[in-house]
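Student: I have a new model open on my screen and would like to learn how to read its strands and its core. Could you walk me through it?

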Amino acid sequence: MEKGRTFETVVGVFVLIITVCFFYFVYSKSSWKSVDGYKLVARFDRVDGLSEGTDVKISGIRVGKIDSLEVDLNTFFAIVKFHVFDHIKLPIDTSASVSTDGLFGGKYLSLSAGGSEEYLQDGDEIEHTTGPVNLETIVSKFLFSDNKKKEDE
């Protein structure tokens, strides 16, 4: 009888260790953990698809994450606040855009480094921004412009 309980205890401890390792792995690879780095701000006319915790990437490589999204009540622009890793030094003429992973992939904030020798500091704002491309708008313009051409003929 004791031998069976010992086996159950060993299996239980093994399962518990595997569970802790799994959650540690998921946490370390996810956007849940905090990002050490400096804070930046960017303003966009639209930020469709972005949310808190979304990746910030340069050349497709994650270099930070989005902390918050707000609306400027005076201009009605979207204010994106995000962190970038400390070891990434961005020139002051860096631009930001909302990009998509593939045709139907998720959105992320893409940064394109400029060529200036001065660097962005904690709390600075990226001046050059581009909102997301709206596929529905492009398709509707194409369809309606094609119909209008046919009506004019």
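Tutor: Gladly! Keep in mind that this is a predicted model. Let's begin with a single residue: Lys57 is found in strand β2.

Student: Is Lys57 buried or exposed?

Tutor: The way to decide is by relative accessibility, where under 20% means buried. Lys57 has 12% relative accessibility, so it counts as buried.

Student: Which residues is Lys57 in contact with, leaving aside its neighbours within four places in sequence?

Tutor: The contacts of Lys57 include Arg62 and Val63. Asp101 is also in contact with Lys57, as are Tyr108, Leu109, Ser110 and Leu111.

Student: How do I read the way strands sit side by side?

Tutor: Strands of a sheet pair through backbone hydrogen bonds, and they do this either parallel or antiparallel. Here, β2 and β6 run parallel and are joined by three bridges. Lys57 itself stands opposite Ser110 in β6.

Student: And in what sense do β2 and β3 pair?

Tutor: Those two are antiparallel, with four bridges between them. One position to look at is Asp55, which stands opposite Lys65 in β3. The hairpin of β2 and β3 has two residues between the strands, and Ser59 takes a positive phi near 55° there.

Student: What is the order of the strands in the whole sheet?

Tutor: Eight strands make an open sheet with mixed pairing, and the order is β7-β1-β4-β3-β2-β6-β5-β8. β7 (125–126) and β8 (128–130) each have a single partner strand, so each has one side without a neighbour in the sheet. Further in, β5 and β6 are antiparallel partners over six bridges, and Ser95 has Ser112 in β6 as its bridge partner.

Student: Now the core. Which residues of the largest nonpolar core touch the most other members?

Tutor: A useful habit is to look for the best-connected residues. In this core of 23 residues, those are Phe82, Leu90 and Leu111. The elements giving two or more residues to it are β1 (37–44), β2 (55–58), β3 (61–71), β4 (78–85), β5 (95–100) and β6 (107–112). β4 provides the largest share, five residues.

Student: What does Leu111 contact, beyond its neighbours within four places in sequence?

Tutor: Phe82 and Leu90 are among its contacts, and these are the other two residues named with Leu111 as touching the most core members. Leu111 is also in contact with Val56, Lys57 and Ile58, with Val84, with Thr94, Ser95 and Ala96, and with Ile126. That brings us back to Lys57, the buried residue where we began.

How values were computed:
Residues numbered from 1 in each chain as written. Predicted model: local features only at pLDDT ≥ 70, side-chain atom pairs only at ≥ 80, totals over all residues. Heavy atoms only, no water. Core = buried A, V, L, I, M, F, W, Y, C linked by side-chain atoms within 4.5 Å. Buried < 20%, exposed > 50% of the residue type's maximum accessible area, 1.4 Å probe, protein only. Contact = heavy atoms within 4.5 Å. Pairing = 2+ DSSP bridges.
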